[in-house]
Amino acid sequence: MGEERATVLQSESLLVREGAGENSSSVTTTLVLSTFVAASISFGVGYIAGYTSPTQSVIMEDLGLSIAEFSLFGSLLNLGSILGALVSGKTVDLLGRKGTMWVLYIFYIVGWLAIAFAKVPWLLDVGRLLLGFSNGIAGYLLPVYLAEITPKNLRGRFTAGVQMMAILGLSTMYIVGPFINWRILALIGIIPSLVQLPLLIYIPESPRWLVNVGREEEFETVLRSLRGKKANVFEEAASIKDYTDSLKRLSGGGMLDLFQPKYYHSLIVLQHSGGSNAYTYYSGVIFTSAGLSKYVGLSTLAVIQMITAIVGASLIDKFGRRALLLVSSAGLCFGSFLTGISFLLQGHHLWSEEARILALISIWVYMGSYQAGMEGIPWVIVAEIFPINVKGAAGSLAGLTGNICSWTVSYNFNFLFQWSSAGTFFIYSAICGVCVIFIAKMVPERKGRTLEEIQASLTTSP
């Protein structure tokens, strides 16, 4: 086995050098259309995530829900995401990236219809669970699909740009949500799926998935359509095929392959325990509890999120994943600490007006920092760092761990907030501080390289 591994690694080093000739600047119609479809799914993901923030009080009043019942409703998005994450890797590997998109639309449409026409709490919960299941799969599918179809110098920006559409969906909900009936909001959520369905016919499957399942003739056609008719794709195609063949000889690609030191940093960075879901799902309650207008808070937050997301997307390929993650996680730590300070001041009736302003600014800092880096970059890393023979298992494990943490945060937030509003955010700040240390110690930089180069460097590193 040692000789075989050495032979494979030597082959990988040669292949990735040959793959350096990848046409890294092509932006074709096929690539743009494929990215648009992924962006539409991403918009729906963000729209779903923001749904509970402007609608909590009216849904509780209309259906007579208690705090515990609404907390369950809100957290079911993460519980569904856990279930979706469990099957995401195998589903995407079995049905293909494009085939999985067809399945997602069915769940999205049924989920929103269940919420829109719910007369009893259990139907509301079923709809939320279905939407969460779809989000759990989409969270893995989108960055993987984009990483596998985009040239290396555009991969970070394209993936971050699609992630920015999730922020646009979230911001749209924050802006219009307080002024539209919650049932109508649910029906509006169906629109992205209806727009995407006819476009799915025209987008290609991932070329790396095609070669992995042995559809090599179709693989070359798809790769040329993505890179352009005049592009020289022979070196890139040979690199992808030979590298995939070497992985098949080296490993079967099971879950146990992930528990190696070279992958530890990818798993750790996907922890979502620092309060992001609390801010996202319940920002309306946080604003109101801080003595601020929910409408002013949500609308200004939407603008801040969009600005920071655009900045993050434009900088990811220039400064790299690691630098943005460090800045983003430090901002999360600082923002949640300031939120805790603002509630601590209000609890002691000190500087009440200044404390309200501090609460508003701190939420801007937290959510702006999150959208600039921690929202999407961990999934860019997962899409880049795992070779295709373990990518399915990696997606399931990463999504599972992340969504378990997210569910814990979203379900317990209302209870923690009643226990101690300031203490809740100090806990989040401490967790984000630990995250900064993890990133500084365990996350290397991988920008500007093909997927095969990144994965070969991991294999050859000690």
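**Helix packing, burial and cysteines**

Biologist: How do H3 and H13 lie relative to each other?

Modeller: H3 and H13 are oblique to each other, and oblique here covers angles that are not under 35 degrees (roughly parallel), not over 145 (roughly antiparallel) and not from 65 to 115 (roughly perpendicular). This is a predicted model, in which local features need pLDDT of at least 70 and side-chain atom pairs count only at pLDDT 80 or more, while totals for chains, interfaces and linings use all residues. Residues are numbered from 1 along each chain as its sequence is written, and side-chain values use heavy atoms, with hydrogens and water left out.

Biologist: At what angle do the axes of H3 and H13 cross, and which residues meet?

Modeller: The axes of H3 (residues 52-63) and H13 (residues 276-289) cross at roughly 55° and come within 7 Å; these axes are lines fitted to C-alpha atoms over the stretch in contact, with angles running from 0 to 180 degrees between N-to-C directions. On the H3 side Thr52, Ser53 and Gln56 meet residues of H13 that include Thr280, Tyr281 and Tyr282, where contact means heavy atoms within 4.5 Å.

Biologist: What about the whole protein, how many helices and strands?

Modeller: There are 20 helices and 0 strands, both taken as DSSP runs numbered from the N terminus (H or I of at least four residues for helices, E of at least two for strands). Of the 462 residues, 58% count as buried, on a scale where buried is under 20% relative accessible area, exposed is over 50% and partly exposed lies in between, with a 1.4 Å probe and protein chains only. Among contacts with a separation of 6 or more, 85% come from residues 24 or more positions apart.

Biologist: How far apart are the ends of H4?

Modeller: H4 (residues 67-116) has 50 residues, yet its end C-alpha atoms are only 20 Å apart, short of the 74 Å that a straight helix would reach at 1.5 Å a residue; that expected span is 1.5 Å times one less than the number of residues. H4 bends by about 105° at glycine 96, as the angle between axes fitted to the seven residues ending there and the seven starting there.

Biologist: And leucine 83, what does it touch?

Modeller: Leucine 83, which lies in H4, touches Leu129 and Phe133, leaving aside residues up to four places away in sequence. Leucine 83 counts as partly exposed because its relative accessibility is 39%.

Biologist: Switching to H19, how does its reach fit the expected value?

Modeller: H19 (residues 421-442) has 22 residues and reaches 32 Å from first to last C-alpha, close to the 32 Å expected. Its buried residues include Phe425, Tyr428, Cys432 and Cys435.

Biologist: Since Cys432 came up, how many disulfides are there?

Modeller: The search of the whole structure finds 0, a disulfide being a pair of cysteine sulfur atoms within 2.5 Å.

Biologist: Why is cysteine 432 not bonded to cysteine 333?

Modeller: Because the sulfur of cysteine 432 is 6.3 Å from the one in cysteine 333, its closest cysteine sulfur, and that is too far for a bond. Cysteine 432 is buried at 4% relative accessible area, and cysteine 405 is buried too, at 13%.

Biologist: Last one, which residues does leucine 326 touch?

Modeller: Leucine 326, found in H15 (residues 321-347), touches Val436, Ile439 and Ala440, not counting residues up to four places away in sequence. Leucine 326 and alanine 440 are 114 residues apart in sequence, with their C-alpha atoms 7.0 Å apart. Leucine 326 is partly exposed at 22% relative accessibility, whereas valine 327 is exposed at 59%.
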